[in-house]
Amino acid sequence: MPDDNVTISPDEEELIEKLRLTSRCRGEIYETSRFFTDLPGNRFEALVQHLIQSGESNVLGILMNITAVIGVRLPSRILAETLKMIDPIIDFHVPYRLQDASAIEPLLTVVEMEDVPWERQAYGTLIAAELCLKHNGERMKVLKVLRKLSISVRSREARALVATGIALIEKEEPGSPLPPLLIDEDPLKRLPEERPPVVIGGDFSVRRPVPKIGRNAPCHCGSGKKYKKCCYEKDQEVLRDASPYVGLTMTQVRSQPGLVDDAQVIDEMRPHEIKRLAPSSLNEDQLLAAYDKLESYGLRESAFAMLLELKARPDQEEFAAGHMEDLLDAAIDAGETGLARRIVDEIPESFSQAEGTRLLLSIMEKSQGYAELEAMTRRGIVKSDEESKRDDPLIDMSYAFENRFPGLSVVFARAAMLGSPERTFDNEMLLDVIRTGRAELDLDPWGDHAEAYFDWTLEKMEEDRAEQDRSKEMEDLNDKLRSANELARQRMKELQEKERELESLTRAFQKAKEAPSDPWPRKREEPVVIDEAGRAIIERLRNQVDGLKADIRQRQQDHRALRRQLQEERTRLGKQASVPSSKSEESDISGEDAGIPLEFGRSPKKILVPEYAPAFLKACELMPSPVVAKALRSLANFAAHDETIWRQTRGIERLADVYRIRIDLSHRLLIQWKENCELKALDLILRRDLENWIKQYARSSCRGS
């Protein structure tokens with residue numbers, strides 16, 4: 001934080017006055033920078049601290065431009081502090097062209113402060129990302145802050161800046177050319193060439209504080225001189241300071257807002273101007289407006305002073321106490337325990353909404369005793385694979401709090417079950433802890449949501465194991481098929497070699513048979529005689545070829561049989577996957593099997609609007625809201641021919657046109673459906689009551705018929 005005891009010499013006061021008279025344009029910035037060339041570097045730091053303390057945000061922006069123009073490198077800690085108030089914010093990045101990677105950490109520290117607005121946090125992290133990219137800083141530190149801001153910020157402009165910073169960090173490859181960066185801009189070329197026009201008054205109707213007189217008319221002061229030779233220049237300065245209030249300048253209104261009965265005056269003032277005001281000089285509306293402005297800029301001490309004055313006003317105590325609760329939350333978030341304790345002392349005991357906040361404040365004031373608890377919970381949340389094999393700290397804390405703090409015991413048990421669903425034995429023991437804790441709290445021991453969650457995890461693990469078995473079986477079949485294909489290829493290759501050998505012998509035999517005859521004429525051509533050895537060779541080759549052909553035909557038959565077996569196995573496994581795995585949950589229904597599956601292929605094209613039986617409407621009033629909502633969604637999806645719901649629907653053999661739909665582990669939806677004719681929700685019941693419901697419905701149907 002800047003030093004609160006900064007002394008400024010008279011010469012430096014003159015330099016600050018020159019800054020006040022300098023406009024934000026290229027020529028005036030350059031001219032003013034010439035007066036600062038001989039100023040020592042440590043005095044620039046003092047000037048920055050002084051301007052931060054005095055709240056002169058515009059003047060601070062002019063000084064930042066000048067330091068960049070003359071090449072003065074400010075300490076990174078002080079430079080980061082200017083993010084809170086420099087105006088305009090686009091001048092903040094200019095001095096960072098002279099910084100390096102060491103400026104990233106102080107900048108991130110300021111960015112993460114609670115009293116920095118979203119837009120300034122986003123702009124600061126973007127500059128940190130550019131420094132990291134340019135000077136090879138630690139990207140993960142910057143990326144962590146950017147990701148946190150991407151969750152918390154709501155302003156569209158701030159979100160765009162954060163997204164730009166994340167893109168710079170994540171997508172930029174090492175060694176690639178750098179994109180254009182803000183911190184590389186020329187400090188003079190980025191400024192406008194001419195000073196902005198001077199506007200008299202503002203967006204309001206101006207009340208002239210001086211009479212309108214011609215330039216050559218006698219001056220209104222009575223000096224006898226012409227107006228242009230006397231008070232003209234002085235009156236022009238007054239006119240530039242005109243206000244919408246008769247007889248008052250804006251300077252008078254800003255220094256004494258209580259002169260007018262208007263809270264908008266406070267809204268148009270800067271935070272450092274409001275901080276200088278005496279709370280006793282403001283009316284109730286102005287006090288509230290001042291509190292809102294100061295609190296939004298993180299000036300909580302001054303905001304608390306405004307609320308204290310508001311509380312002292314007649315009939316304003318309860319109203320002020322409500323705002324004190326909001327300020328208390330902000331002070332605790334910022335870690336200002338001293339201010340938070342003073343606020344708590346001012347809030348009446350009747351305000352029960354601050355009970356949790358008071359507890360948090362007590363914990364923060366005695367945080368030493370909670371450090372070990374925080375360390376244990378962190379180990380339970382962030383644990384490596386090796387640590388997950390050992391005992392979970394959350395489980396240990398659940399057992400430790402079981403007798404004295406049953407509420408905390410239940411909370412830690414739930415967290416342990418949610419964090420490690422695969423530890424079924426530990427989770428089953430934790431269910432006993434939860435039941436004991438709920439009994440201590442006078443609640444139904446078996447009514448905790450962790451019961452259903454544990455059942456769901458067991459179901460999920462069984463489904464995963466079944467899926468692994470199916471995958472392994474399919475992989476084995478694929479291995480057999482690959483082996484059969486490889487063997488068939490080898491046999492085919494052998495056959496082709498034998499065929500080529502036979503063809504070669506046949507050609508040789510044919511060539512020998514067709515050899516040219518003797519040139520001398522003969523009386524009779526003698527037949528070609530093949531000896532016994534040749535005939536034996538030919539016969540042997542023919543037998544080999546025939547054997548290979550028969551072997552190949554057998555292999556091809558085996559290959560086709562394997563393919564059929566694989567296809568049948570895939571069909572069987574697909575049918576098993578489409579049937580709910582929890583057949584055991586239906587086994588306790590005496591006299592009823594798993595039900596008749598409803599084929600999706602027979603889904604009609606006509607969409608029926610469901611009707612609701614009185615029993616279903618009554619059940620909707622009695623059942624928990626999440627169960628009713630899921631039942632209604634399932635009914636609507638059935639009517640809309642959703643394939644998932646249709647495959648989960650089972651017919652009841654003893655009841656014609658009556659079907660049941662599984663809602664969750666413990667609930668079933670009963671419907672009556674006639675294709676293209678009727679769809680009616682009959683009832684919503686517990687799974688264990690299904691058999692009784694079937695019997696009652698069957699009896700009622702018999703009586704009705």
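In this predicted model, helix α15 (residues 300-312) and helix α16 (residues 317-333) pack with their axes 9 Å apart, at an angle of about 165°. The two helices, α15 and α16, are therefore roughly antiparallel to each other, since an angle over 145 degrees falls in that class. The crossing in which α15 passes α16 is left-handed. On the α15 side, the contact is made by Arg300, Ala303, Phe304, Leu307, Leu308, Leu310 and Lys311. The α16 side contributes Glu317, Phe319, Ala320, His323, Met324, Leu327, Ala330 and Ala331.

The loop between α15 and α16 holds Asp315, a residue worth a pause for anyone checking backbone torsions. Although Asp315 is not a glycine, its phi is positive, at about 60°. With a relative accessible area of 82%, Asp315 is exposed, because the exposed class begins over 50%. A second aspartate can be described in similar terms. Asp442 is found in the loop between α23 (424-440) and α24 (449-513), and its phi is near 60°, again a positive value in a residue other than glycine. Asp442 counts as exposed, at 71% relative accessibility.

A further helix pair is formed by α6 and α7, which pack at an angle of about 165° with their axes 9 Å apart. That angle makes α6 roughly antiparallel to α7. The crossing of α6 and α7 is left-handed. From α6, the residues Ile104, Leu107, Leu108 and Val111 meet Gln121, Gly124, Thr125, Ile127, Ala128, Leu131 and Cys132 in α7. Ahead of α6 in the sequence, the loop between α5 (76-81) and α6 (104-111) contains Pro88. The peptide bond from Asp87 to Pro88 is cis, with omega near 0°.

Leu131 offers a closer view of these surroundings. This leucine belongs to helix α7 (residues 118-135) and has a relative accessible area of 0%, so Leu131 is buried. Which residues does Leu131 touch, leaving aside its neighbours within four places in sequence? The contacts of Leu131 are with Tyr96, Gln99, Asp100, Ala103, Ile104, Asn136 and Ile183. One of these partners, Ile183, lies 52 residues away from Leu131 along the chain, with 7.9 Å between the two C-alpha atoms. Another, Ile104, also appears among the α6 residues that meet α7.

Tyr96, named above as a contact of Leu131, leads on to the aromatic side chains. The search of the whole structure finds twelve aromatic pairs. In one pair, the rings of Phe92 and Tyr96 have their centres 5.2 Å apart and their planes at 55°, so the pair is tilted. Phe92 counts as buried, at 0% relative accessibility, and Tyr96 counts as buried as well, at 1%. Tyr612 and Phe616 form a stacked pair, with 5.6 Å from centre to centre and 15° between the planes. Are the two members of this pair buried or exposed? Tyr612 is partly exposed, with a relative accessible area of 41%, whereas Phe616 counts as buried at 1% relative accessibility. Elsewhere, Phe638, Trp646, Tyr659 and Trp673 form one aromatic cluster.

Aromatic rings are also met by charged groups. The charged end of Lys18 sits over the ring of Phe35, at 4.3 Å from the ring centre. Likewise, the charged end of Arg215 sits over the ring of Tyr232, and here the distance from the ring centre is 4.9 Å.

For the protein as a whole, the secondary structure comes to 29 helices and six strands. How many of the 705 residues count as buried? The share is 38%. Contacts between residues at least 6 apart in sequence were also sorted by separation, and 63% of them join residues at least 24 apart. The pair Leu131 and Ile183 illustrates such a separation, being 52 residues apart along the chain.

Technical notes: Residues numbered from 1 in each chain as written. Predicted model: local features only at pLDDT ≥ 70, side-chain atom pairs only at ≥ 80, totals over all residues. Heavy atoms only, no water. Phe/Tyr/Trp six-rings, centres within 6.5 Å; stacked < 30°, edge-to-face > 60°. Buried < 20%, exposed > 50% of the residue type's maximum accessible area, 1.4 Å probe, protein only. Lys NZ or Arg CZ within 6 Å of the ring centre and 35° of its normal. Helix = DSSP H or I, 4+ residues; strand = E, 2+ residues; numbered from the N terminus. Contact = heavy atoms within 4.5 Å. Axes fitted to C-alpha atoms, helices over the stretch in contact; angles between N-to-C directions. Parallel < 35°, antiparallel > 145°, perpendicular 65-115°, else oblique. Left-handed = near helix turned anticlockwise from the far one by under 90°.
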